[in-house]
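Q: I am new to this structure and would like a close look at one part of it, the disulfides. How many disulfides does the count come to, and where do some of them sit?

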Amino acid sequence: MRTRRILDMVTGPIYMIGGMIGIESSRGFIGCMRMISIDGNYKLPTDWKEEEYCCKNEIVFDACQMMDRCNPNPCKHFGVCRQNSDEFFCDCANTGYTGAVCHTSLNPLSCEAYKNINSVNQRADIKIDVDGSGPLKPFPVVCEFYTDGRVRTILRHNNERMTPVDGFQEPGSFVQDIIYDADMDQIEALLNRSTNCRQRISYECVHSKLFNSPVPQGDYFRPNSWWVSRNNQKMDYWGGALPGSRKCECGILGNCADPTKWCNCDSDLDGLFEDSGDITEKEYLPVKQLRFGDTGTPVDDKEGRYTLGPLICEGDDLFKNVVTFRIVDASINLPTFDIGHSGDIYFEFKTTIENAVIIHSKGPTDYIKISINSGNQIQFQYLAGSGPLTVSVQTSYRLADNRWHSVSVERNRKEARIVVDGALKNEVREPPGPVRALHLTSEFVVGATTDYRDGYVGCIRALLLNGQLQDLRSYTRQNLYGISEGCMGKCESSPCLNNGTCHERYDGYSCDCRWTAFKGPICADEIGVNMRPSSIIKYDFMGSWRSTISEKIRVGFTTTNPKGFLLGLFSNISGEYMTIMVSNSGHLRVVFDFGFERQEVIFPNKHFGLGQYHDVRVGRKNSGAILVLQVDNYEPKEFSFNIKTSADAQFNNIQYMYIGRNESMTEGFAGCISRVEFDDIYPLKLLFQEDGPGNVRSFGTPLTEDFCGVEPITHPPDIIETRPPPQVDEEKVRAAYNETDTAILGSVLAVIIIALIIMAVLIGRYMSRHKGEYLTQEDKGAEIALDPDSAVVHSATGHQVQKRKNGLFKYKIE
């Protein structure tokens, strides 16, 4: 049934175009309109009066100035672009990326990168993004972490369970394509970054031949089954064997079920056999397809079963691509980095320097610079036309702490962004208006500025530019000045002796000798004292009494007097004591009583009163039941004591330590004593320390510091490296000279020659103008005349003087 209803619409006198008044005023139209007419009444854009519209500065008449900021799409990684009248926005939901333009990956670069920034258990199911901000998408993996530091990355596929094969008799007639959780580009990137990879393949068989081995190298290889590499290559070996061998693992090891065959499944013996092994050649992994045959028919006894494990990779070359900058003006100069409108830089650093430029590059006017400031701030500064912009992250902890820290820097059309250690972030917006691309023309300098100033010392690894790994190691192999492969500081060689603490500086080191009995630049200078028989040094524990069951005592000495008290520890509270002395016979004696009974130990077969320097160490182990005595570099000697289980072997309430003699003795040690230590107490160091503590004092004859005749050990001086002169590319220089315009050169030479000719002509004319020719024909006899009249009179010819007929000159005088 059809019905018809006539509707009447009545409108008011006011029409609102583009927006509303009131609570809906924020949902107005943004864009351009034209041909606005109501009931056939068309209104020109120039006819609108000021009282007929709102917001004078927000409406433009008679022009469409709408700019499509989303075309082309500025959002990366398939982000959705939206815009208003002022700017665009990127919706990065479900892309795996974040940031103003969806440029920064939310996922770690690898399982090892995940471990570096997260606390991990034995296993984690995550997604990794092997190229960071690059074009490859994240993909799922399983990470396994081991106590020895190994990290395994496991990539799964759709056919990991054991699969039966039956009824496929023709070679390769059973086909199984392997679908992984990543595409081949992603897998290839993972393989290239991994130290090693493997995939296990297994085939169980009953009268089903695998390779029809043996097959000599000259014969045609006709296997019944095979696997296909990622490059679609039919492979001629099984897991555990070598490429080109046409064998299984048992054929390589020589333990096949049939010694004449190269695979167990080729034996054709009764029973179930297996050929399995790992494929470890990264250039062929992963297995892309499996092909099987010779499994008979469903009704016979031939059958096979295969299992293909996941792809397992270990190691990440990203974090092994490490270099050390040893000198502040050393640098690695990479090719120019075209950052354009959008680009990112990622790297990890380890340093102790507090202020340095880490990365620098510049153009005619633009530049970028990444630096560490004050030891706890990373700063990114750049200039792209309008003026320098700076974004920085300041941490509550030290970045110059000789530990690894990560830095990610991004600049795009909307902002500049910096992330430190994956968590601390900051950003700065680009100024309003069109954003100009960064124009850089210099080399991308790592380790200093482009003019080698404000240099960095320390280690850098995992440098990525727009997700592409930069092989810094390859530059160190060119014997670059001040740079070495790996992360090797000066402290790696243990330059600080006697348990001194080495503080790394990468261009040097310093030794902290506070917890040693030595001093000096490498904790090798002796602190000793020449003792007189009347001298005594006393250390008072002053109420901080100690009890110990495994002492660490050291004393060095030299003497020619075969007797004397070296060191003693006493407790008046418990009556327990320990003394180290040289006996009257010149032997070393250790006497102690720790409450269970008095014990005496003598170091045999050596005389200690011959003026030689000796280093003595005393300690206990095994709950105080064994005393260990070491002299100089001899093997330590152990002395065991029978201590009842009910007895207490602890040395209780130590109150005083004496050097040279104790207060009950009338005569003490005569000689030099040095390097005295008891656990973490160094009494001689404290005694000679300026403004030292009051609980260590000397009595009797005044004492002065001495090195006891032991010359301090020194290290050979470091080889001083100097920056080599800049390398000149002879081919480029030669090419530059060859580009000289020969026509111009020829013209210049011709002008010079012509000028020389003209100058020669002018000089000749000038010389000829000032050169006269005079011919005199003096008559015979005139030479004796005194005046002209006399010459005429005495001459032979008289007045007839013949003129030279060179020309005729007429002068007319009127």
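A: What follows goes through the disulfides, taking three pairs in turn. This is a predicted model, in which local features need pLDDT of at least 70 and side-chain atom pairs count only at pLDDT 80 or more, while totals for chains, interfaces and linings use all residues. Residues are numbered from 1 along each chain as its sequence is written, and side-chain values use heavy atoms, leaving out hydrogens and water.

Taking a disulfide as a pair of cysteine sulfur atoms within 2.5 Å, the count comes to 13. One of them joins Cys-75 and Cys-90, with sulfur atoms 1.9 Å apart, and this link is left-handed, at -90° about the S-S bond. Because Cys-75 lies in the loop between β2 (41-42) and β3 (80-83) and Cys-90 in strand β4 (residues 88-91), the pair ties together parts 15 residues apart in sequence; strands (E, at least two residues) and helices (H or I, at least four) are DSSP runs, numbered from the N terminus. Both Cys-75 and Cys-90 are buried, meaning under 20% relative accessible area, with exposed being over 50% and partly exposed in between (1.4 Å probe, protein chains only).

Another disulfide joins Cys-205 to Cys-265, S to S 2.0 Å, and its link is left-handed too, with -100° about the S-S bond. This pair links distant parts of the chain, 60 residues apart, with Cys-205 in strand β12 (residues 196-206) and Cys-265 in the loop between α3 (249-253) and β14 (273-279). Cys-205 and Cys-265 are both buried.

A further disulfide joins Cys-672 to Cys-708, S to S 1.8 Å, and its S-S torsion is about -75°, so the disulfide is left-handed. Cys-672 is in strand β47 (residues 671-678) and Cys-708 in the loop between β49 (705-706) and α7 (730-738), distant parts of the chain 36 residues apart. Cys-672 is buried, with a relative accessible area of 4%, and Cys-708 counts as buried at 8%.
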